[in-house]
Amino acid sequence: MIRKEINKISEVGKALISVEGNPGVALNHVVELLEADSNQSLSFAKAINITEDATRFQVFNGTSGLSTKTKIRMLEVPLTAGFSNKMLGRSFDGAGQVADGGPEVIFEKEISTRLDTLNPTVRNVPKQALWTGIPMIDVFNTLVKSQKIPIFAGPTEPYNRLLSQIAQGAQADVIIFAGIGLKFDEYQYFKDQLSQSGNIDKTIMFTHLAGDSQIKGLMLPDVALSVAREFGDQGKDVLVLLTDMTNWSNILRNVANYQDMIPSLQGYPGSLYSELAKRYEVAADIEGAGSITIIGATTLESLEDPVPDNTGYITEGQFFLENGKLKLARSLSRLKQGVNGKTRSDHRAIMTAMASLLADAEKAHEASEVGAANDPYSQKLLRYRTDFINNIEEPFGEPIELEAALDKCWAILKRHFEPTETGLSKKLIDEYWDKN
Amino acid sequence: MNDISKKRTGNLISIQDSLVKARFFDDVIMGETAEISVDGKFLQAEVLQILPDPKNADAGIVEMQVFEDLTGAKIGDEVVFKGTPLSVLLGPGLLTSVWDGLQNPLYKLSEEDAYLKPGMNAPALDEEALWDFTPIVNVGDTVAGGDVIGTVPEGKVDHKILVPFSFGPCKVESIIEKCSVNITQQVAIVIDEQGNKHELKLAFRQPVKSPIPFKDRAIPTKPISTGVRVIDLLAPVGYGGTVGNPGPFGAGKTVLQHSLCKYAVADIIVMAACGERAGEAVEVFKEFAELEDPTTGESLMKRMCIFGNTSSMPVAAREASVFIALTVGEYYRYQGKKVVMLADSTSRWAQALRERSGRQGDIPGPEAFPMDIPDQIKGMYQRAGEDLGTGGSLTFIGTVSPAGGNFQEPVTQATMDATGGFWGLSQDRADAKKYPAIDPLVYTTSVYDGFVSWKDRQKMLTTLNEANDIDQTISTIGLKKVPVSNYIQYQKGLTIDFCVMQQDAFEKTDACTRPERLEIINEATQNLIDNTIDFQVGDLDDEQLKELIKHKFDELRQWWRDWNYSAKTEEELAKLPKAVDKFILQEEYAV
């Protein structure tokens, strides 16, 4: 089949090119850019904005080196990603091309990367806990299969270490790693960790390193999530690790800026919420098929920044990492109520009681900074706070089972409080207080 | 007047995300819907603006928003204008339904594909279901828009079949006898004053952007029992009232909305899940089907319908979903039903308008929202209200998701201005895992007299306020310097906060408090507020005495919370005021 070609590029900008007139390209369809004389393939690009006067494309490999004479060959298909079970254990770039120097992968099929919305009626209500061995998660913010949840952390926090630790114990058939704007060290760290934990053969890595083409970074989640979804449709339980979605949002901001879109907050496009939601909503427990769980990382300076703020409204909670600790106050698993009522009878109550006491303790801590927490009860609260931070908010200790973690909670309460001070019901106190 | 039987078309000249332009040569009506033919699929669109064509004086340009993904669209693709504005199909079968934002039935679509693809659609209401129609007008009667011609039972709801609201006076030429019909069959023929015949069916289409009229609008006065204590005590909402419910993420908006769905005393709940998580809508229609309606004892879904335009669905349909849901609410209000509509979240609706106006190149207002966003928000809430003429009401509770949790942002501000009530969720209370995180001191407003007297309400607020002030003092100068009497006042406030304002949404008995129980709680609360308590035993110094006071109040709070969880019988319920009386006298009460 002879493909239609366009011989003149009228505009070359950062990541974008335009041609004059209407060559008949359809929205979101892919074209191939070829070196004018040699017909050597330079890059693929996608039509993003079409009028009868001009057509604009996002260039996957960046625009450096392109000229007005670069040829455009129309492929007349929307963007797809290759899929094959042979992708397991391998590394790919944001466009789904092999990136580990290994042999080419023969794809079994091409899948759409449009990320159509799953019909809500075929979603199961999530009910199955994923245990991590981390008390702050298992006891206080239980992770649930098919949940979408990010780690919120400052840029210098060990968020990738936490992500990797959660992945290592993952009860998943397939792990999809999607790294955007990563430093090489981070990429290698994940690869090493996944190898050491014996998970590498069930992992597919999609990686975009800092400095790689922005458009490839922008596309990466769609390619990775489409592959994840294909495994999910085939009945597999898939865990997707998305790091770092702030990098991704910043690429989105840059490209929106190149496209002259009117910015809303801090230069991000007004569609930031919808764009993030489209990706995170791929997480699902699918009726009659498998599931997709997404754990992301969102780096932030402040919780009010548009990226974490919008993410918080989209995801089903967040794990908040600060000073290397998983903070109870700002962490939340919205799906925990679906699983923590069926564990031990004290699970929910102890979670609420300890949280409430910790909030009081935080107040006492603030008071203590101005020398006001001088009464005996405030002193108790302060000792409780220290104990809690060291023993419960520490995510990198030895993994422990839920029951042991709950017992540990009782032990901490007993170390510091009278039973009536805990706000726990008499029934539970009678049942558990003296056991620990 | 346009001849809408004639096919009017245009062709695409510009495509950008969900915004397209087309050239036309005939005529286009502002706000009408259109279908764009892309790769053999027909995509739904709505006219936003009509402009001159700089290239062709004989033509015009129409700007449209498209409700579906446009991948594959090309310059020149055909647009067919439909002549009718965005509308909703109203008739029996609305209840228990789950649709997307454009009233496509999601269960029906799932038979075709697990994923929602552009161009997919299905009839909004089941066309095969049979309804037992009973006529109530006779041949020769004069009827007009909104008049009832018959009824069908829709579950336990008596569904009235109305003459479409757009109709002027008409004479009934024929009407069927009592029988079973589906929504596609004719039930009556009426003749208008110009002599034109019109066929009436059980269902008709109604434009969504102009409201269905009231017969006799009134100020809402009767409070709704929501089952949520802090609301029913301090910020009740009346039948026909409006409430804005803002909160940062994680503050518990969703849990509160679900509570209202489950426990608010109403005939019908219409839910617009607008741009929010799909999982939350799924929880409602999959889990609520198993729960009981507090008034009828039937499945909760039998009083509900849900528009699920969730966050990953096309943005343009988000705006539509809220108007479509509102119109369904108005329709049932016109039938005399007490309707509560929940829109979660109105911020996503506003953001959809922002995305669109940005693409249209409008000059942005604060935070890039359209300049007229306050007026649009007001206009939306204005459609709620009580109608004495029909006995129905439409209550509108909208959640707001302020960026950064900042209540100064434009949508929250406009909502505060537009609504009668305001349930603000506080980050601090949410962080302390207090549910509901509505801060009684800062963020409750209400124009209604609720389930307790205004005086009692004010006393509660004063006590909470004082406790809060004393708490501040303790934090700055330390407990030692706070007088014992103030410390007691502080403990009283803590007790009211912990045992009355906070509630456990996941504990069967505590999750919902009805007015009778609320009255008992109020009695105990008022007694605790009104009476002084002498805790002194022996001669304790201040510090020891405060420790004793704290211990005594801790015990009371534990006892009270246990009561919240367990008291059910009349005898058990009566124990609370008695216990508080004994506590005031410092006598033994824990029996």
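Which residues of chain B does the UniProt annotation "domain: ATPase F1/V1/A1 complex alpha/beta subunit nucleotide-binding" cover? Let's start there and work through the rest as exercises. Keep in mind that this is a predicted model.

**Exercise 1. Locate the annotated span in chain B, then find its counterpart in chain A.**

Solution.
- Step 1: According to UniProt (an unreviewed entry), the annotation covers residues 227–441 of chain B.
- Step 2: Look at what that span is built from. Residues 227–441 of chain B are 39% helix and 19% strand, and the C-alpha atoms at the two ends sit 20 Å apart.
- Step 3: Now go to chain A. UniProt lists residues 133–323 of chain A for "domain: ATPase F1/V1/A1 complex alpha/beta subunit nucleotide-binding", again from an unreviewed entry.
- Step 4: For residues 133–323 of chain A, the make-up is 42% helix and 25% strand, with the end C-alpha atoms 20 Å apart.

**Exercise 2. Split chain B into domains and describe how domain 3 meets domain 4.**

Solution.
- Step 1: Get the bounds. Chain B divides into domain 1 (8–86), domain 2 (127–204), domain 3 (219–346 + 375–445) and domain 4 (454–584).
- Step 2: Check the spacing. Taken over C-alpha atoms, the centres of domain 3 of chain B and domain 4 of chain B are separated by 30 Å.
- Step 3: Count who touches whom. On the domain 3 side of chain B, 21 residues are in contact with 23 residues of domain 4 of chain B.
- Step 4: Put an area on it. The size of an interface is often given as the accessible area lost when the parts come together. Between domain 3 of chain B and domain 4 of chain B, the buried area is about 2,000 Å², and carbon and sulfur atoms give 57% of that.
- Step 5: Name the main contributors. In domain 3 of chain B, Arg229(B), Leu233(B) and Leu441(B) lose the most area to domain 4 of chain B, together 38% of what that side buries.
- Step 6: Add the polar side. Across the interface of domain 3 of chain B and domain 4 of chain B there are 2 salt bridges and 12 residue pairs in polar contact.
- Step 7: Map this to secondary structure. On the side of domain 3 of chain B that touches domain 4 of chain B, the elements giving two or more residues are α2 (229–234) and α3 (253–263) of chain B. The largest share of that side, 5 residues, comes from α2(B).

**Exercise 3. Find two salt bridges that link chain A to chain B, and say how buried each partner is.**

Solution.
- Step 1: Start with Asp431(B) and Arg330(A), whose side chains meet in a salt bridge at 2.9 Å, N to O. This pair crosses between chains, from helix α9 (residues 427–431) of chain B to the loop between β20 (325–326) and β21 (332–333) of chain A.
- Step 2: Compare the accessibilities with the cut-offs. Buried means under 20% relative accessible area, and partly exposed runs from there up to the exposed class, over 50%. Asp431(B), at 15%, is therefore buried, while Arg330(A), at 27%, is partly exposed.
- Step 3: Take Lys550(B) and Glu421(A), a salt bridge with its closest N and O atoms 3.4 Å apart. Lys550(B) is in helix α13 of chain B and Glu421(A) is in the loop between α10 (402–416) and α11 (426–432) of chain A, so this pair joins two chains.
- Step 4: Lys550(B) has a relative accessible area of 8%, so it is buried. Glu421(A) comes out at 12%, so it is buried as well.

**Exercise 4. Explain what the salt bridge between Lys459(B) and Asp530(B) ties together.**

Solution.
- Step 1: The two side chains meet at 3.1 Å, N to O.
- Step 2: Lys459(B) lies in helix α10 (residues 454–477) of chain B and Asp530(B) in helix α12 (residues 515–530) of chain B, so the pair ties together parts that are 71 residues apart in sequence.
- Step 3: Lys459(B) is partly exposed at 21%, and Asp530(B) is partly exposed at 46%.

**Exercise 5. Place Lys568(B) and decide whether it is buried or exposed.**

Solution.
- Step 1: Lys568(B) sits in the loop between α13 (542–566) and α14 (570–584) of chain B.
- Step 2: Its relative accessibility is 57%, so Lys568(B) counts as exposed.
- Step 3: Leaving out residues up to four places away in sequence, Lys568(B) touches Thr509(B) and Leu573(B).

Methods
Residues numbered from 1 in each chain as written. Chains lettered and ligands numbered in written order. Predicted model: local features only at pLDDT ≥ 70, side-chain atom pairs only at ≥ 80, totals over all residues. Heavy atoms only, no water. Helix = DSSP H or I, 4+ residues; strand = E, 2+ residues; numbered from the N terminus. Buried < 20%, exposed > 50% of the residue type's maximum accessible area, 1.4 Å probe, protein only. Contact = heavy atoms within 4.5 Å. UniProt positions renumbered as here; feature names shortened; annotations may be inferred. Domains from an automatic or database assignment. Buried area = accessible area lost by both parts, 1.4 Å probe. Salt bridge = Lys/Arg side-chain N within 4 Å of Asp/Glu carboxyl O. Polar contact = N/O pair within 3.5 Å; in protein donor to acceptor, adjacent residues only side chain to side chain.
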